[in-house]
Amino acid sequence: MRKYQSLLNSLEKYDSFLLTTHVNPDGDAVGSLLGLKYILQSYADEIDLVVEDSVPEYLSFLSGTEDIYLSDELANTERKTDYDLVFVVDCGDLERIGKVADLIPEGNKIINIDHHDDNQEYGSYNYVDSTVSSAGELVYDLAVELGANFKKDFGMAIAAAIITDTGNFKFSNTTPKAHRIIADMLELGIDTKRIIKEVYQRESYGGLKLKGKVLSDLKLAGDRNIAWASVSQQDLDLFEVDWEDTEGLVNSIRGVKGVEVGVLFKEVAEEKIRVSFRSNEYFAVNEFAHQFEGGGHPRAAGCTVMAPLAEAEERVISKLESELGVKNQ
Ligand code: 5GP
Ligand code: MN
Ligand code: MN
């Protein structure tokens, strides 16, 4: 079955595309964006890739990242913004594209390609499948349906999306198909080892020290089934690091024996706390995050709490304790 048939029928009619994804883009967001660009190139005269926040340094080895615009940058150029089609990848909620929304004229056709099960279906076309590993896998399917020739850059982008969103094949979203796509990429000579090296085996000195400090303050809550920690602005200053140096930390926190939910609080501004949730077996963290206007996947979700750090910790952990307690009875 060709799932993209409706899109394929109309693709030839359009010439200019805007491609975007969620704020603070991760490997799936960036890989899907780049992969999509490579397959749409033969259809469009103009393709702009635009994101609110810059691509993390650990993904800058992917070719094409240097051409991704920041929304503030594009807003200050003379480039026209009346695109024929807007593609949004790896984004369950249109609000999560941030300021890129200001570049999209009212009534513009949006193509929503995503794998979050709480996707709001905000597109004119919605290609949402929460059974796949990553948005990158959906972009790969589109490439197959278009009969695209897989070139190295496309392969690296899709492999980066799949490898990062499955935590290098460790998370519960790892499917046989995710492995098969990577196997195909290996046969094509794609250097997946490079992706693993750049993403997982190249920690900055300050970043590793920061993780050491944060983990030395790790706390248990509930029936010792919640583990949590926080990173303050002061911590970042102390080790002269950036938020991207906290990547992966919440996964270590979830890994504590006996723990169902791992939580990491990040003080991104004085009264703005980004919260990351990860669970192991049964607790749907996306449903929990909805109560704080967040969302995500059942085993990986997030939200933002507008409060001082200590207050955000108290509000989230006490609620989590009561909900996990109820589920355990
Ligand atoms: P992370 O903890 O890595 O920032 O996010 C984990 C997952 O939750 C990702 O799939 C991400 O898209 C989703 N997520 C994180 N924060 C939010 C949020 O504020 N709203 C929604 N809808 N999803 C989020
Ligand atoms: Mn993502
Ligand atoms: Mn994803």
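The manganese ion (ligand 2) and the manganese ion (ligand 3) are 3.8 Å apart, and aspartate 90 coordinates both of them. Histidine 22, in the loop between strand E1 (16-21) and helix H2 (27-40), is thereby linked with aspartate 90, in the loop between strand E4 (85-89) and strand E5 (109-114), the two residues being 68 residues apart. These details come from a predicted model.

**Manganese ion (ligand 2)**
- The manganese ion (ligand 2) is coordinated at 2.1 to 2.6 Å by His22 through NE2, by Asp26, whose OD entry appears twice, and by Asp90 through OD.
- Along the chain, the donors of the manganese ion (ligand 2) follow the spacing H-x3-D-x63-D.

**Manganese ion (ligand 3)**
- The protein donors of the manganese ion (ligand 3), lying 2.1 to 2.2 Å from the ion, are Asp28 (OD), Asp90 (OD), His115 (NE2) and Asp165 (OD).
- In sequence, the donors of the manganese ion (ligand 3) follow the spacing D-x61-D-x24-H-x49-D.
- Aspartate 28 lies in helix H2, whereas histidine 115 lies in the loop between E5 and strand E6 (125-128), so this pair ties together parts of the chain that are 87 residues apart in sequence.

**The bridge and the burial of the donors**
- Aspartate 90 bridges the manganese ion (ligand 3) and the manganese ion (ligand 2), and aspartate 90 is itself buried, as is histidine 22.
- Among the donors of the manganese ion (ligand 3), both aspartate 28 and histidine 115 are buried.

Notes:
Residues are numbered from 1 along each chain as its sequence is written. Chains are lettered from A and ligands numbered from 1 in the order in which they are written. This is a predicted model: local features need pLDDT of at least 70, side-chain atom pairs count only at pLDDT 80 or more; totals for chains, interfaces and linings use all residues. Side-chain values use heavy atoms; hydrogens and water are left out. Donors are N, O and S atoms within 2.8 Å of the metal (3.2 Å for Na, K and Ca); water is not among the atoms, so sites may look incomplete. Helices (H or I, at least four residues) and strands (E, at least two) are DSSP runs, numbered from the N terminus. Buried means under 20% relative accessible area, exposed over 50%, partly exposed in between (1.4 Å probe, protein chains only).
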